[in-house]
Amino acid sequence: MASVSWFSCLQMRPTPCHSTTPFAAPITTLHQQHHNPSSLSSTGEEGSSHGVHRRQLLVHTAAAAALLAPAALVPNASALNDVSTEEDVRIYTDDVNKFKIAIPPDWQVGTGEPDGFKSITAFYPQEASNSNVSVAITGVGPDFTKMESFGKVEEFAETLIGGLDRSWQRPPGVAAKLIDCKSSKGFYYIEYSLQNPGESRRTLYSAIGMASNGWYNRLYTVTGQFVEEETDKYASKVKKAVASFRFI
């Protein structure tokens, strides 16, 4: 079962939507210890450093979800019983976590509960590949009732990309670049890329939304990713799967 290694020091830096150039220096440092996302809330006055830091920690839950290795989760053959065929895709339905998603018909399913997450479900090709789609669920405080509780989508994207980017380090680390971001029907959609020095660029497409299970609010982070050399083969499949995510 996979585990999450949280960032011990997150560097924040403004990154406007549609930007393709990483910034050279951080402007804020936020120290994070092994927080349980389900225990966090937006307590504090709007705009206070305490409230902002809480929101930043929750935004970085989305970043941690993007860095998981879905193939490291436990393959779940029984989960295929929850899949129904519809044209050129299969509809995976999770009645417990109340969501459905359309996946390529030949993809496998892996499930698990990594440290810090309520649930992770991953979808990936049968053949060896670095492309996949995952649904990560975390608990949030009762005062987080909608995505706007984290700030506008541009602010959310800035914090996400700023927390991942290490291109300003010497020697340079991973370069994170924002491609696009938008808000639609209660979801924040963020497209960005990650590239370690000397490695292939990885494009990630995330849909992030919030729902309640009747007891507490939960943050759903749906992330699809594909490497540069697999763009023609998997880009459209990954984006189509992420865009198909719905609550039930």
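**Warm-up: Glu127 and its partner**

Glu127 is partly exposed, with 33% relative accessible area; the label sits between buried, which is under 20%, and exposed, which is over 50% (1.4 Å probe, protein chains only). Before going on, keep in mind that this is a predicted model, where local features need pLDDT of at least 70 and side-chain atom pairs count only at pLDDT 80 or more, while totals for chains, interfaces and linings use all residues. Residues are numbered from 1 along each chain as its sequence is written, and side-chain values use heavy atoms, leaving out hydrogens and water.

Task: find which residue forms a salt bridge with Glu127, and say where the two sit.

Solution. Start with the rule: a salt bridge needs a side-chain nitrogen of Lys or Arg within 4 Å of a carboxyl oxygen of Asp or Glu. Lys233 fits, its closest N and O atoms with Glu127 being 3.4 Å apart. Next, place the pair: Glu127 is in the loop between β8 (119-124) and β9 (132-140), and Lys233 is in helix α3, so the salt bridge links distant parts of the chain, 106 residues apart. (Helices are DSSP runs of H or I with at least four residues, strands are E runs with at least two, and both are numbered from the N terminus.) Last, check Lys233: 48% relative accessibility makes it partly exposed.

**The chain as a whole**

Task: work out how many helices and strands there are, and what share of the residues is buried.

Solution. Count the elements: the chain has 3 helices and 14 strands. Then burial: 52% of the 248 residues are buried. Now look at contacts, meaning heavy atoms within 4.5 Å. Of those with a separation of 6 or more, 56% are between residues 24 or more positions apart. Finish with the surface: about 11600 Å² is exposed, with carbon and sulfur atoms supplying 49% of it. That area comes from the Shrake-Rupley method with a 1.4 Å probe; for residues, only the protein chains shown count as cover.

**Other salt bridges on α3**

Task: a search of the whole structure finds 4 salt bridges; identify the partners of Lys240 and Lys239.

Solution. Begin with Lys240, which pairs with Asp88 at 3.4 Å between the closest N and O atoms. This pair also links distant parts of the chain: Asp88 is in the loop between β4 (83-86) and β5 (89-94), and Lys240 is in helix α3 (residues 231-243), 152 residues apart. Asp88 is partly exposed at 48%, and Lys240 is partly exposed at 46%.

Move on to Lys239, whose side chain meets that of Glu191 at 2.9 Å, N to O. Here Glu191 belongs to strand β11 (residues 187-195) and Lys239 to helix α3, 48 residues apart. Glu191 is buried at 15% relative accessible area, whereas Lys239 is partly exposed at 31%.

**The faces of α3**

Task: decide where the buried residues of α3 fall as you look down its axis, and what covers them.

Solution. Check the length: α3 has 13 residues and spans 17 Å from first C-alpha to last, close to the expected 18 Å, a figure reckoned as 1.5 Å times one less than the number of residues. List the buried ones: Tyr234, Ala235, Val238, Ala241 and Val242. They fall within an arc of 145 degrees, so they line one face of α3; the arc is taken from the directions running from the helix axis to the C-beta atoms. Cover for these residues includes β6 (99-103), β9, β12 (202-212) and β13. Over on the other side of α3, Asp232 and Ser236 are exposed.

**Glu230, just outside the helix**

Task: say whether Glu230 is buried or exposed, and which side chains make polar contacts with it.

Solution. Locate Glu230 in the loop between β13 (217-227) and α3. With 15% relative accessible area, Glu230 is buried. Beyond four places in sequence, Glu230 touches Ser129, Asn130, Ser131 and Ala235. For polar contacts, look for N or O atoms within 3.5 Å; within protein, one must be able to donate a hydrogen and the other to accept it, and residues adjacent in sequence count only if both atoms are side-chain atoms. The side chain of Ser129 qualifies at 3.0 Å, and that of Ser131 at 2.5 Å. To round off, Glu230 and Ser129 are 101 residues apart in sequence, with 8.4 Å between their C-alpha atoms.
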